[in-house]
Amino acid sequence: MKAFFKRFARNKGAVIGLIILAIILAAAVLAPYFYPTSPWRMVTRPFLAPMAMDGYWLGTDALGRDVASGVMHGARVSLIIGLVSTLTALAIGIPIGALAGYFGGLLDDALMRFTEFFQTIPAFALAIVIVAILQPSLFSIVIAIAIVSWPPVARLVRGEVLSLRSREYVQAAVVIGQSTPRIILTQVLPNTIAPITVMASIMVASAILLESALSFLGLGDPNMMTWGYMIGAGRTRLIEAWWISFFPGVAIFLTVLALNLVGEGLNDALNPRLSREGG
Amino acid sequence: MTVLAIDNLSLALPKLADRTYAVEGLSLDIDAGETLCVVGESGSGKSMTAHAVIGLLPSAVKPAGGSIKLAGRELIGLSDGEMRKLRGRDVGMIFQEPMTSLNPVMRISDQILETFESHRMFNAQQRMRRTFELLEEVGLPDPKYIARAFPHELSGGQRQRVMIAVALALEPKLLIADEPTTALDVTTQAQILKLIDELRRKHGTAVLFITHDFGVVAEIADDVAVLQNGLCVESGRAEEVLQKPTHDYTKRLLAAVPSLTPPPPKDLSGEPDALIVRNLHKTYGGRGFFGGGSRKVVAAKDVAFTIKRGETLGLVGESGSGKSTVGRCILRLIEPDDGFIKVGDTEFHGVPVRQLRPLRKRIQMVFQDPYASLNPRRTVGRIIAEGPEAQDVPRADAEKRARELLDLVGLGASSAHRYPHEFSGGQRQRIGIARALALDPDVLVADEPVSALDVSVQAQILDLIQDLQKRLGLAILFVTHDLRVAAQVCDRIAVMQRGEIVELEPTAQLFANPKHPYTRSLLAAVPGAHVKVAAA
């Protein structure tokens, strides 16, 4: 564990990413403490520029809602959706990939064609359709993101399992008479954790982007203030009131960047031999 | 004339390594047309020496003193550009793995031409002519065809010949060969050794030959340097070192080389048959996606043998002979196409996979690669206990048994809670053996169990296997490519060629009077067979 953190810390970008992520997480957790009232509430006059009035550091939007409150409350939604939808995608992708990779043959063909079926549909279009059909809500957005993002997981796990399956320790487990589900769960899957962890961190980032894009189009959960919604709402006044869209945009940018940096750091730490020399 | 003079060379390892220097105070000289063998076990620093000469040290390893002079010119401290000019023109190198040292997407001719191009020598026509000359010189049949071929179309031996052609293209003064025959079959190895020997005589090339195999040393070395943990413990003329070793370590290494003379046979009369195999067939391929078209490989054809309780049957052959497939078919890790397999009084063939699981404990396997055969994420104790647990032994009992077994294989019960990466190759192989024994099998299939280990460790593992056999009455199917190992541990030996057993005789008889021509060629190819090596 110590060696792991040491390798992780050697990647400066990853440490910065982790710090940014910690700040965003703190913002999400502390949002109700700083802004106990709903971010939807109109608190003062509209189009207030940033720093123009004490207490409203990031200004207000077209209806007089506090942008800072929106950004902080939006962090909760973004992080929750990013995390839950990634976990859901993993829950779909890992079993499919593991079965396809371990058993091969017809089952592999069937599962991979099924996976390709999802991969050939443009992800964003599919997500829009799913959310539109299920009605926009936190639940439907998570489902939509999970459905469009599991295929790469299945592919990754299948590839890993394919190579692990022929390892001698897996054959040894067959020879001692372990049952197949046990072999997959105890011998094969634990050894795929490293690449899955790395991929998951990047998936959280892309899930946040997807959710923002959906909210931007007005397909977000109508009861939740999200970054995408704020950008979408402010886009018509971009020239005269740039701050309405700008700050949630910065929040998305920082979160996604931080997650990617952390993902890179995890990659270096989990695959020490593949990391760049002297990095 | 001295071509390479290494004087008091030290190579510093990074801070956290298990020793300060990869190589310490090493001095060597090679004259033109001579071969110097650097011998040592893994981690002795022999490859580092070779890489230091050609300037390809890993970035973490730095020369810390001494000098390397090539034909009087100091190599340490040369810039990358100068070193690059030197490589190929003055020093050629052959690597261990012929499968990965050629670029798979380039034609053979281009890979040789590249050498001339990077040194801006000759015009296009001369380059082409020289390429064909080289291919012919390294003994490749039909150079025109080979020149247009891609690496995957050639066999391992042919690829290594191409590597030699590349290394010798510019007639370097020094040729470095880093274990060039380790990945090859014995008969191919013999041919490659002969080729290197002929070429250095003809061109007066000095050869720095890195190897772990004293048989190879006996075959080609003029001088020998023995390395142990980065220190040169003994050096001198080959015949002297091999016959009158002075240092203890050299003596130990020589003693660990298995002799080709088999020990007296065991008395096995009256022992029951533990494993009977009849009529075993297995063919790979032949079922392409578009129907037909793909190549069929016969891996086992009418294979039949019997092993008694307490007996070891050796299955020897070159790579691709089907010996591993036979081992795996018997365990039903690979489904045989046809065959009769009986373990003790239980018929093993044709049993549906579901009902096979409880029967599996009767026959167990020891794998080749001690680094790949243990799950890196489980403790050693769990790895061994998993077997009995899979056969419904309660967990506490299985773990107690695991600790007993660790004691039995000489590792100590306390190692149960450690992870595989904390152990050396030999220790891991002991863990693999303990895992196989955890189920009290009647039959053990050992698939090249010592071929990934250093000679001294190899000897210990072989002793352990034989000792366990005596105590537990195991019947062992010993799959190996190494006739020296087979001579020491096997009671009878079956020689396999292209999926068929061509000869099956008691060991002593097979070595004294081989009947099949293939057996004879295998025996003739064992390196150092005719050279007398000092016994300790």
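**Exercise 1.** Leaving aside neighbours within four places in sequence, which residues is A251(A) in contact with?

*Solution.* The model is a predicted one, in which local features need pLDDT of at least 70, side-chain atom pairs count only at pLDDT 80 or more, and totals for chains, interfaces and linings use all residues. Residues are numbered from 1 along each chain as its sequence is written, chains are lettered from A and ligands numbered from 1 in the order in which they are written, and side-chain values use heavy atoms, with hydrogens and water left out.

Step 1. Place the residue: A251(A) lies in helix α11 of chain A. Helices (H or I, at least four residues) and strands (E, at least two) are DSSP runs, numbered from the N terminus.

Step 2. Check burial: A251(A) is buried, at a relative accessible area of 13%. Buried means under 20% relative accessible area, exposed over 50%, and partly exposed in between (1.4 Å probe, protein chains only).

Step 3. List the partners: apart from neighbours within four places in sequence, A251(A) is in contact with V71(A) and W227(A). Contact means heavy atoms within 4.5 Å.

Step 4. Add a distance: 12 Å separates the C-alpha atoms of A251(A) and V77(A), which are 174 residues apart along the chain.

**Exercise 2.** Find the buried residues of helix α10 of chain A and the helices that they pack against.

*Solution.* Step 1. Helix α10 of chain A covers residues 227-234, and its buried residues are W227(A), G228(A), M230(A), G232(A) and G234(A).

Step 2. These residues pack against α2 (12-34), α3 (67-103), α9 (193-216) and α11 (243-270) of chain A.

**Exercise 3.** Describe how α5(A) packs with α6(A).

*Solution.* Step 1. The axes of α5 (residues 123-134) and α6 (residues 138-165) of chain A come within 9 Å and cross at roughly 150°. Axes are lines fitted to C-alpha atoms, for helices over the stretch in contact, and angles run from 0 to 180 degrees between N-to-C directions.

Step 2. α5(A) and α6(A) are therefore roughly antiparallel. Angles under 35 degrees count as roughly parallel, over 145 as roughly antiparallel, 65 to 115 as roughly perpendicular and the rest as oblique.

Step 3. On the α5(A) side, the contact is made by A123(A), L126(A), A127(A), I130(A), V131(A) and L134(A); on the α6(A) side, by S140(A), I141(A), I143(A), A144(A), I147(A) and V148(A).

Step 4. Sorted by type, the residues of this contact are eleven nonpolar, one polar and no charged. Ala, Val, Leu, Ile, Met, Phe, Trp, Tyr, Cys and Pro count as nonpolar, Asp, Glu, Lys and Arg as charged, and the others, Gly among them, as polar.

**Exercise 4.** Treat α6(B) and α7(B) in the same manner.

*Solution.* Step 1. Helix α6 (residues 156-168) of chain B and α7(B) pack at an angle of about 15°, with axes 10 Å apart.

Step 2. This makes α6(B) roughly parallel to α7(B).

Step 3. From α6(B), G157(B), Q160(B), R161(B), I164(B) and L168(B) meet T188(B), Q191(B), I192(B), L195(B), I196(B) and L199(B) of α7(B).

Step 4. The contact of α6(B) with α7(B) has six nonpolar residues, four polar and one charged.

**Exercise 5.** Is E179(B) buried or exposed, and where is it found?

*Solution.* Step 1. E179(B) is found in the loop between β7 (174-178) and α7 (186-203) of chain B.

Step 2. E179(B) is buried, with 8% relative accessible area.

Step 3. Phi of E179(B) is near 50°, a positive value in a residue other than glycine.
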